[in-house]
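Colleague: Got a minute? I'd like to go through this fold with you.
Modeller: Sure, let me put it up.

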Amino acid sequence: MKIKRNILLNPGPATTTDTVKLAQVVPDICPREKEFADAMRQLRKDLLGIVHAHANKHTCVLFCGSGTINIDVCLNSLLPADKKVLVVNNGAYSTRAVEICQYYGLPHIDLKSSVFEQPNLDSVEKILDENPDVAIVYTTYHETGTGVLNPVKEIGALAHAYGALMIVDTTSALAMRPINIDEENIDFCMASAQKGIQGMSGLSFIIGNEAEIIKSKDYPKRSYYCNLYLQYDFFERTGEMHFTPPVQTVYAAIQALKEYYAEGEQVKWARHQRVCNAIHEGLAELGLKEIIRPEIQSGLVVSVAYPENPNWSFERIHDYCYDHGFTIYPGKISTTNTFRLCALGQIDEQDIKDFFIIFKNALKECGIM
């Protein structure tokens, strides 16, 4: 089957292989069959390996939905009564955690800092020292809205020193940058299938400390569908999701993981680095400005300032690129006009070279070059 290949330079869903796409074409099956439960059981085990989690300490719990469901599940499920969440917030995706706390009425501290910089560790420690009731420290591995890589290991060390869990949104880093859950002081991390493993949208997963999930059974119940213990317990007792899973998306994720392990962690990361370097080189050649200092970038998301040209129109540039098989994405910084180019998905440096040919033509078409 010939499937048109689009190059997605947005931060997910990512460009996939045809073999992952076609893995969804399977005989119809009731998701309560033992065969499907066995497939999900193996999928959960295989996901642990991506972050070097230990099966005797960690578990993986699957949910239907986009990556945001993971944030919701972790925050509402893992906070004990009369305790607080500290959100180390330097961008749009950690702000989302703050909004979830607000919607549930969860006691929280929003430690907000510049979206252009890494969080200040002294400020994190000061908050923890002054608030012994903080039970969860939450941050993003890197802020997808900007590409800032956060000092997760150091923040996690502070969280543990003050007796708190460390929960990290690794949605746009997991299976791309190498992550070791214990070495980086992470208790719970999360992602969705359409990002680093290069699967399809609709399946998300949380990897974390099994003992802490069991302990959360006695915490306040804030959601039925999005309760971590309830889903974990159902998996352990039956091998099934509590509610109907996205069957075809699960099969695509299984195939994507086979391809992830065949490529290998370090080889895949090297490929993403090649892609990101090609993005840097293409932008530099055009004189376009990156807004985040190179030394604190994740190597996966590049935020680019709009050129100072009256003819610039993101919509026109986007549409021209899209018509030629390339997708670019708006920025997520309220104070600065930016767009993003991302190194996710099944792409390599030649794809980026091809993109910049199209991008230059788009700039010429709009009278910018």
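Modeller: Keep in mind that this is a predicted model. There is an open sheet of 7 strands, with mixed pairing. The strand order is 2-10-9-8-5-3-4.

Colleague: Which strands stand at the edges?
Modeller: Strand 2 (58–64) and strand 4 (108–112). Each has a single partner strand, so one side of each has no neighbour in the sheet.

Colleague: How are neighbouring strands turned against each other?
Modeller: By 20 degrees on average, ignoring direction.

Colleague: What packs on the sheet, touching strand 2 and strand 10?
Modeller: Helix 2, residues 34–50. Its direction makes about 120 degrees with that of strand 2.

Colleague: And which strands does helix 6 lie across?
Modeller: Strand 3 (84–89), strand 5 and strand 8. Helix 6 covers residues 152–161 and runs at about 155 degrees to strand 8.

Colleague: Do strands 5 and 8 pair in the parallel or antiparallel sense?
Modeller: Parallel, over 5 bridges. Strand 5 spans 134–140 and strand 8 spans 165–169. As one pair, Val 137 has Met 166 of strand 8 as its bridge partner.

Colleague: Switching to pockets. What volume does the largest pocket have?
Modeller: About 300 Å³.

Colleague: How many residues line the largest pocket, and which lie nearest its centre?
Modeller: The lining has 21 residues. Thr 68, Tyr 93, Arg 96, Thr 171 and Lys 195 lie nearest the centre.

Colleague: How does the lining divide into nonpolar, polar and charged?
Modeller: 6 nonpolar, 12 polar and 3 charged.

Colleague: Which helices each supply at least two residues of that lining?
Modeller: Helix 3 (68–78) and helix 4 (92–104).

How values were computed
Residues numbered from 1 in each chain as written. Predicted model: local features only at pLDDT ≥ 70, side-chain atom pairs only at ≥ 80, totals over all residues. Heavy atoms only, no water. 1 Å grid on protein atoms, 1.4 Å probe; cavity = no way out; pocket = protein on both sides within 12 Å on 5 of 7 lines; lining within 4 Å. Points joined across faces, edges and corners; volume = space filled by probe spheres on them. Helix = DSSP H or I, 4+ residues; strand = E, 2+ residues; numbered from the N terminus. Nonpolar A, V, L, I, M, F, W, Y, C, P; charged D, E, K, R; others polar. Pairing = 2+ DSSP bridges. Axes fitted to C-alpha atoms, helices over the stretch in contact; angles between N-to-C directions. Contact = heavy atoms within 4.5 Å.
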